[in-house]
Amino acid sequence: MIHALIDDRLLVRFRSLLNGAKRIVLTAHLGPDGDALGSTLGLCRVLRRLGKDARVVLPDMPPRALTFLPTIHEAVVYTRSEDRARELMSQAQLILCLDFNTLRRIDKLAELVTASTAPRVLIDHHLDPTTQEFDLLISYPAASSTCELVFRVLLQLQLTKLIDRLAAQCLYTGMMTDTGNFTFSCEDPELYEIQSILMRRHIDKQYLYNLAMNTHSVDSLRLRGYALSERMELCLERGASLITLPLDVLERFNYQRGDVEGLVNEPLTIPEVYWSVLMREEAGRVKVSCRSQGDFDVSVMCQEHFNGGGHKNAAGGELYMSMAEAVELYRSVLESIPIVDAAQAEPNNNENEQ
Ligand code: 5GP
Ligand code: MN
């Protein structure tokens, strides 16, 4: 039995917004991951089957590894087709914002969303949404993924009959990638009831796992090996790991977006490491990714020091400085972390979320 998690009053409003709109744009965060793409593409497909003129508009390109997702080639990408993205946003009668909690996370698309008069609905599982930016917030941080929330919305609106095999593949992929293939943030038994409904749409779990989570290019695999062997710096008495990937290293391995996805988790397999940072240089900035275990809160660290935020055990930020300056900043944060007595260190429970 899947209970009605989402407040009925929110769904009444969502239904009336849907009824009043023909042209609908769905969007998701910069550097879209499996959940961002799965939720927008899955819901878009269902809305089209409902007779809507729905389109996915993304701030930037999806990672190569996720280009197998059904209907992904129909998505309009701002960095590649700016005019088309502008046109769709300006014509939209409803804008659905999925898998992010603040318009800052959609980069240049934020301007277009703000310029539009269409109502904005948030469907998301990140903490602390910027409430004033949205007309309706369907925000449930305890959910495993935005894909789970999309499924629950459709279930409560009695629209699951419109979830066909392709939409089911999208929604399942987001639940799988955001939970590390059902390893963390997936204690809710109802998630498996949802999974069983999606499996009745004849999705192939192994095929989706292999493509979304178990496929690397030669360059990506070599870059990961190099990063762990040559670019990982440990400070075990403070439970810390830092991986730095400067531009010259990324160029040597022909870095493409998504090539180091999940790499920041690897140091957490060392029992003494309970927080892990990955710094990747981009033109003019350093992208920071953090993961932790147990009570160690990296979202607070990212807010306070790395110009970002996120969840307790998975957060990130961006630093507009050189890699050397970013590393210096990291070292000052590291020094503020108390030295732990190894005997009292927390067990390695691999808690994590996206
Ligand atoms: P990742 O490390 O996979 O890029 O991001 C993990 C989580 O950290 C994301 O789901 C998001 O909640 C948060 N996050 C990553 N980068 C940023 C950022 O630049 N700003 C904010 N506010 N959150 C971020
Ligand atoms: Mn997500």
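This briefing describes two ligand sites and several individual residues in the structure above. The model is a predicted one, and the values given here are computed from its atoms. The manganese ion (ligand 2) is held by four protein donors, namely Asp35, Asp99, His125 and Asp178, while ligand 1 is surrounded by 15 residues. Serine 144, leucine 41 and valine 218 are then taken in turn.

**The manganese site**

- The protein donors of the manganese ion (ligand 2) are the OD atoms of Asp35, Asp99 and Asp178 together with NE2 of His125, and these atoms lie 2.2 to 2.4 Å from the ion.
- Read along the chain, the donors of the manganese ion (ligand 2) follow the spacing D-x63-D-x25-H-x52-D.
- Aspartate 99 sits in the loop between strand S4 (94-98) and helix H4 (109-115), whereas histidine 125 sits in the loop between strand S5 (120-124) and strand S6 (136-139), so this pair of donors ties together parts that are 26 residues apart in sequence.
- Aspartate 99 counts as buried because its relative accessibility, at 1%, falls under the 20% cut-off.
- Histidine 125 likewise counts as buried, with a relative accessibility of 1%.

**Serine 144 and its contacts**

- Serine 144 is placed in the loop between S6 and helix H5 (146-156), and with a relative accessible area of 4% this residue is buried.
- The side chain of serine 144 makes a polar contact of 3.0 Å with the side chain of serine 145, and another polar contact, of 2.7 Å, with the side chain of glutamate 148.
- Once neighbours within four places in sequence are left aside, serine 144 is in contact with His125, Asp178, Thr179, Ser185 and Leu191; two of these residues, His125 and Asp178, are also listed as donors of the manganese ion (ligand 2).

**The surroundings of ligand 1**

- Of the 15 residues that surround ligand 1, the closest are His126, Lys287, Ser289, Arg291 and Ala315.
- On the side-chain side, a polar atom of serine 289 lies 2.6 Å from an oxygen atom of ligand 1, and an N or O atom in the side chain of arginine 291 is 2.9 Å from an oxygen atom of ligand 1.
- From the backbone, an N or O atom of glycine 309 lies 3.2 Å from a nitrogen atom of ligand 1.
- On its own, ligand 1 has 500 Å² of accessible area, and the protein covers 85% of this area.
- Strand S10 (285-292), strand S11 (308-310) and strand S12 (314-319) are the elements that give two or more residues to the shell around ligand 1, and S12 gives the most, with four residues.
- Sorted by class, the shell around ligand 1 holds nine polar, four charged and two nonpolar residues.

**Leucine 41 and valine 218**

- Leucine 41 belongs to helix H2 (residues 34-49) and is buried, with a relative accessible area of 3%.
- Not counting residues up to four places away in sequence, leucine 41 touches Val56, Leu69, Pro70, Thr71, Ile72 and Cys170.
- The C-alpha atoms of leucine 41 and glycine 317 are separated by 26 Å, the two residues being 276 residues apart along the chain.
- Valine 218 is found in helix H9 (residues 218-230), and this residue is exposed, because its relative accessible area of 56% is over the 50% cut-off.
- Between the C-alpha atoms of valine 218 and threonine 67, which are 151 residues apart along the chain, the separation is 17 Å.

Notes
Residues numbered from 1 in each chain as written. Chains lettered and ligands numbered in written order. Predicted model: local features only at pLDDT ≥ 70, side-chain atom pairs only at ≥ 80, totals over all residues. Heavy atoms only, no water. Buried < 20%, exposed > 50% of the residue type's maximum accessible area, 1.4 Å probe, protein only. Donors = N, O, S within 2.8 Å, 3.2 Å for Na, K, Ca; no water. Polar contact = N/O pair within 3.5 Å; in protein donor to acceptor, adjacent residues only side chain to side chain. Contact = heavy atoms within 4.5 Å. Near = heavy atom within 4 Å. Areas by Shrake-Rupley, 256 points an atom, 1.4 Å probe, with all protein chains shown as cover. Nonpolar A, V, L, I, M, F, W, Y, C, P; charged D, E, K, R; others polar.
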